[in-house]
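Q: I would like to learn how to read contacts, ring pairs and burial in a two-chain model. Where should we begin?

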There are 2 protein chains.
Amino acid sequence: MTTATNAYEGMLKRTREIATLGSVGALLSWDQETYMPSGGGEARAEQGALIAKLRHERATAPELGDLIAQAEGEATEDLAKANVREAKRTYDKATKLPGDLVEELARTGSRAQDAWKGARADSDFKSFEPWLDTMMSLTRRKAECLFDSSGGGELYDALLDEYEPGATAAEVQSVFDPLRERLSGLIKDIADNGTPPDTTPLDIAVDEAKQHELGLFILGAMTFDLDAGRLDVTTHPFCSGLAPGDTRLTTRYKGERWTDSLYGTMHEAGHGLYEQGLPKSDRFGEPIANDTGLGTHESQSRMWENFVGRSAAFWSWFKPHLDRIAGPGLEQYSAQDLYRATNTAKPSYIRVEADEATYNLHVMLRFELERALLRGELSVADLPGAWNERFESMLGLQVPDDRRGCLQDVHWSFGLVGYFPTYTLGNLYAAQYWETIREQFPDLDGQIGRGELGPLREWLRDQIHTHGKVYRAAELCDRITGKPLASDPLLRHLEGKLRPIYGV
Amino acid sequence: MTTATNAYEGMLKRTREIATLGSVGALLSWDQETYMPSGGGEARAEQGALIAKLRHERATAPELGDLIAQAEGEATEDLAKANVREAKRTYDKATKLPGDLVEELARTGSRAQDAWKGARADSDFKSFEPWLDTMMSLTRRKAECLFDSSGGGELYDALLDEYEPGATAAEVQSVFDPLRERLSGLIKDIADNGTPPDTTPLDIAVDEAKQHELGLFILGAMTFDLDAGRLDVTTHPFCSGLAPGDTRLTTRYKGERWTDSLYGTMHEAGHGLYEQGLPKSDRFGEPIANDTGLGTHESQSRMWENFVGRSAAFWSWFKPHLDRIAGPGLEQYSAQDLYRATNTAKPSYIRVEADEATYNLHVMLRFELERALLRGELSVADLPGAWNERFESMLGLQVPDDRRGCLQDVHWSFGLVGYFPTYTLGNLYAAQYWETIREQFPDLDGQIGRGELGPLREWLRDQIHTHGKVYRAAELCDRITGKPLASDPLLRHLEGKLRPIYGV
């Protein structure tokens, strides 16, 4: 018994050290994106590589494996069991990958990413093709190392599991298929028969400093704790759960519509609230103190961005604050005008610029293609053709060039396969949770309409955040909503909002 | 021969890794002072402690000692020899201190610092006395571990050597003694017979944003590379040579006169230019890529702050830019008015608020007292009395309370003994270098008067910065000025400036 406790404590001592090194690495990254002068880039690469090396050494140390094995038979409490389970999962993954493969993925991935940048700029798929081919081979090797065939399934599952632990491609497909079909129908109906809302309010210019003030105001309303976090400006917005008590968000204003910045901030703050709600303050470095997966993480950002931020209730509350903070220019529009303007559904080429509805079609396209690539059912050479064909059938647009087609995303260039589906899983989870929230908060619209967002945040914290990685995403969904993940709630949400706006 | 090269390269590989960990620690500190939210403090302490531990393990690794020993007999080039010498010096120091002493100094020092804060606030020396007594005992133990008696000297030398490598207390005293005597005389003469300049221009309020713009403008003129550095705002200004290509300065505006902020920025930028001029871009992590000591570092900050920034030539160039950037309020004063207002000499209680001249008396007082404490010639209980007595004899003021007396500085509370003298060594080196610069730049005032500060920066880089730690401070001074460090140049500088201003 003493030995067991010692092994468990010894295991946690090591996971804490690994997590602390991870948090140091997170600061190196955050600083690089925010305040590091350009001249510091080379040294930053050295610093990052050293911290990553020290972290990897510890994450694959045989002593850690021994401690996990000892702790495994002995843990009795649920939380301890979950900690051991997650420590083992991470350790197995880390030790299953040969060092030379990790290195080659990093080195080739970095060069392939450069090649992708050039290829995208010139819309020249041919120059990127050999790089993508190599990266797909390396990624397949990685999947083969990680894949456990004993439970059935396919290679893709091993990659998906990195981002959405426990999920399988078949499960994802079974939810995506009906979504894809009905969503395509909705989009087509809107395109053919709908009357688009007036989006001119989005074109009003709002001063950068005032946009920042709006962002800080909305963070306050969302009860994001600014004593335990920040909001800065970067080229690409992100949220870094850097350390306990230290969650940093970024947004951007340049070249963005003011609503893009506002929703960008709300999106990252949704991630940030999840980070602030994880049980890190007392359990930092324990495996269960982490998020349960990217789908659930994204469900939080999407919920605040789309389910709260694009609702009529939100605009009725927010509009007077907008007029007060942003100054003249927008007072000519009503809350209803803004609600309509921020809820469009119109096929476009670029995923990151897509609206709430069509976005999911972009994601599902990528899921299908990367799965086919990994299975060998699709060759890299045939990717552009397959992309363009499916894109037209799903979104009704002919892709004019690969820059606006299969070259638009960075992910595949450095081997990020299995990541895309988590974006739409996030929307699906958000919608399903939202229906449960509606049941439990009969006055939800009233609360949002008064800017009382604290109770919603409390609910999310109690139901989701505080559990960290104890439950898998699917398990959590079942516990909270009483049902497995399905496509109906998201479809109901989109139909219920878009049909009245477009009059279809 | 091959073995030798391998040992030398192996040694450098290790010093580079240690330096990289040091640079990571520097970012943790910088971020803590600038942008970290308050909630991140506890995690930051963990991160810092872990990086410090990893660094210490590497700095004291027996394998490093073996590599240094092997490299020692084999290095033939001057730079290689200097690298081995410095690696050995650092390794010996690190391994001479027992781990428990290092830990106790850190732990007790942290608590003693808290006790000091309370004692200073209440001007209550008695409550701090036992803490200072313990810290002095621990510091004496540290000195005993580090002290090499074979070369003569005294315990204090071992502490001084941490900050000013190669210097001894006796040498410092031999320069300080004449400075102290003649400077006291000058201050007394000014106090008794001088007519103080009008300092009302310093009381004009300048908007914070405009002060920041002034700061960035002066950094540009000083040719501080902002692509390889930054200027931020902190409670206590500092310069962090964080990594190659990444030197970060801070300043403050709140509660400061605009000239205090301006000179604070120039001071830190002087440190920053030294950091940017060190041979870090190609030799980062080699021992010789570091500064040669704090006295020389301070000579660079003091030179820009006092010898450039408080000169009549500077004000004649800067005044129109000041009027342009700062806006109305200061145009009623002439460049000559500002030159006079920024060159006062008036005894006061607080070191960090002291003027260029009296500052050195504050420093020498501390040097004498800390040396007596370490020798056991002065007991901690008698410190306030000794402080007040010497203060009156040196500066002609009666100390009203310990808050404005021996409790004002944080240094001793965490065992920083041997550090103070480097402040005045900096002024002395700056003055002596300045006389050589004057000889080599016959049109120095003309250049400064036209804002052409690049050639001066080039000279400092070639003569001082680029040599890193190859030469000791005293050696560098001898090479550049042809003479050992003396008090005459600083006295000539102060007399030559202050006597005409005060008419004495």
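A: We begin with a salt bridge across the interface: K53(B) is bridged to E17(A), with 3.3 Å between the closest N and O atoms. Keep in mind that this is a predicted model.

Q: How many salt bridges are there between chain B and chain A?
A: The count between the two chains is 6 salt bridges. The one from K53(B) to E17(A) pairs a side-chain nitrogen with a carboxyl oxygen, and its 3.3 Å falls inside the cut-off of 4 Å.

Q: How many residues of chain B and chain A are in contact, and what area do the chains bury between them?
A: On chain B, 35 residues are in contact with 35 residues of chain A. The two chains bury about 2500 Å² between them, and 63% of that area is on carbon and sulfur atoms.

Q: How is a pair of aromatic rings described?
A: Two values are used, the distance of the centres and the angle of the planes. Over all chains, a search of the whole structure finds 43 aromatic pairs. One of them joins F314(B) and W317(B): the ring centres are 5.8 Å apart and the planes stand at 70°, so this pair is edge-to-face.

Q: Where do F314(B) and W317(B) lie, and are they buried or exposed?
A: Both belong to helix α13 of chain B, which covers residues 312-326; they are 3 residues apart, about one turn of the helix. F314(B) and W317(B) are both buried. Another pair to read in the same manner is Y419(B) with Y423(B): with centres 5.6 Å apart and planes at 65°, the pair is edge-to-face because planes over 60 degrees apart count as such.

Q: Are Y419(B) and Y423(B) buried or exposed?
A: Burial is read from the relative accessible area, with buried meaning under 20%. Y419(B) has 21% and is therefore partly exposed, whereas Y423(B), at 14%, counts as buried.

Q: Which residues of chain A do ring pairs link into a cluster?
A: The cluster consists of Y163(A), Y359(A), W387(A), W412(A), Y419(A), F420(A) and Y423(A).

Q: Which ring does the charged end of R324(A) sit over?
A: The charged end of R324(A) sits over the ring of F217(A), at 5.4 Å from the ring centre. In chain B, the charged end of R324(B) sits over the ring of F217(B), 5.4 Å from its centre.

Q: What is a disulfide, and how many does the structure hold?
A: A disulfide is a covalent bond between the sulfur atoms of two cysteines. The structure holds 0 disulfides over all chains. As for the burial of individual cysteines, C477(A) counts as buried at 1% relative accessibility, and C406(B) is buried with 6%.

Q: What can be read for a single helix residue such as L101(B)?
A: One reads its element, its accessibility and its contacts. L101(B) is part of helix α5 of chain B, residues 99-122, and at 0% relative accessibility it counts as buried. Apart from neighbours within four places in sequence, L101(B) contacts L138(B), R141(B), K142(B) and C145(B). Of these partners, R141(B) is 40 residues away along the chain, with a C-alpha separation of 8.2 Å from L101(B).

Q: Is R457(B) buried or exposed, and which residues is it in contact with?
A: R457(B), placed in helix α19 (residues 454-463) of chain B, counts as buried at 11% relative accessibility. Leaving out neighbours within four places in sequence, R457(B) is in contact with M222(B), T223(B), L273(B) and W304(B).

Note on methods
Residues numbered from 1 in each chain as written. Chains lettered and ligands numbered in written order. Predicted model: local features only at pLDDT ≥ 70, side-chain atom pairs only at ≥ 80, totals over all residues. Heavy atoms only, no water. Helix = DSSP H or I, 4+ residues; strand = E, 2+ residues; numbered from the N terminus. Buried < 20%, exposed > 50% of the residue type's maximum accessible area, 1.4 Å probe, protein only. Contact = heavy atoms within 4.5 Å. Phe/Tyr/Trp six-rings, centres within 6.5 Å; stacked < 30°, edge-to-face > 60°. Lys NZ or Arg CZ within 6 Å of the ring centre and 35° of its normal. Disulfide = S-S within 2.5 Å. Buried area = accessible area lost by both parts, 1.4 Å probe.
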